[in-house]
Amino acid sequence: MQENQMPVKITIGAENKKIVPSQSAGGDAKGPAEWQESLCGCFSDIGSCCISCCFPCFQYGENKSRVDGGGSFGPCCMYLLTSFIGVHTCLGCMTRGRIREKYGIPGSAPVDCLCHCCCPCCALAQEAREIKKRQG
């Protein structure tokens, strides 16, 4: 338990329980959650791997809609159009940051950008697997 957290004492019948509040959404009393899926773990889900490599705009649209709600067609088209001028990595970085924020995963914008600049297909596939695992 960290110093700034005060346990809450709850009495249920004859038992006393101590509960420590969570640090962040998706985290636990030990700290923030980590990525549950590896960046290079593509073979754990061949479907998302193939879609991310062959149709990255589609995978981006699906990831974006699952995280933020709404349809996937608009984000898919935006990713496709921005890929022609080479700025699709910016969209990927922003959505990756949104995924980290939603699930309480530590990280930074430069690391998100590095993932999408060096291997956008791996980043999209990892994000898809992470969202599937966390949303069920």
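Colleague: Is Cys121 buried, partly exposed or exposed in this predicted model?

Modeller: A residue counts as buried under 20% relative accessible area and as exposed over 50%, with partly exposed in between. Cys121 has a relative accessible area of 23%, so this residue is partly exposed.

Colleague: Where is Cys121 placed, and which residues does Cys121 touch?

Modeller: Cys121 lies in helix 6. Leaving aside residues up to four places away in sequence, Cys121 touches Ser52 and Cys53. The C-alpha atom of Cys121 is separated by 9.4 Å from that of Cys42, and these two residues stand 79 residues apart along the chain.

Colleague: Which residues of helix 6 are buried, and against which helices do they pack?

Modeller: The buried residues include Cys122, Leu124, Ala128 and Ile131, and charged side chains such as Glu127, Arg129 and Glu130 are also among them. The buried residues of helix 6 pack against helix 1 (46-54), helix 2, helix 3 (73-83), helix 4 (88-103) and helix 5 (109-118).

Colleague: How should one describe two packed helices?

Modeller: One gives the angle between their axes and the distance between the axes. Here, the axes of helix 2 (residues 56-68) and helix 6 (residues 120-135) come within 10 Å and cross at roughly 35°. The crossing is left-handed. Among the residues making this contact are Tyr60 and Arg66 of helix 2, together with Leu124 and Lys132 of helix 6. The contact residues divide into 6 nonpolar, 3 polar and 3 charged.

Colleague: What follows helix 6?

Modeller: Gly136 follows helix 6, and its phi is positive, near 85°.

Notes:
Residues numbered from 1 in each chain as written. Predicted model: local features only at pLDDT ≥ 70, side-chain atom pairs only at ≥ 80, totals over all residues. Heavy atoms only, no water. Axes fitted to C-alpha atoms, helices over the stretch in contact; angles between N-to-C directions. Helix = DSSP H or I, 4+ residues; strand = E, 2+ residues; numbered from the N terminus. Left-handed = near helix turned anticlockwise from the far one by under 90°. Contact = heavy atoms within 4.5 Å. Buried < 20%, exposed > 50% of the residue type's maximum accessible area, 1.4 Å probe, protein only.
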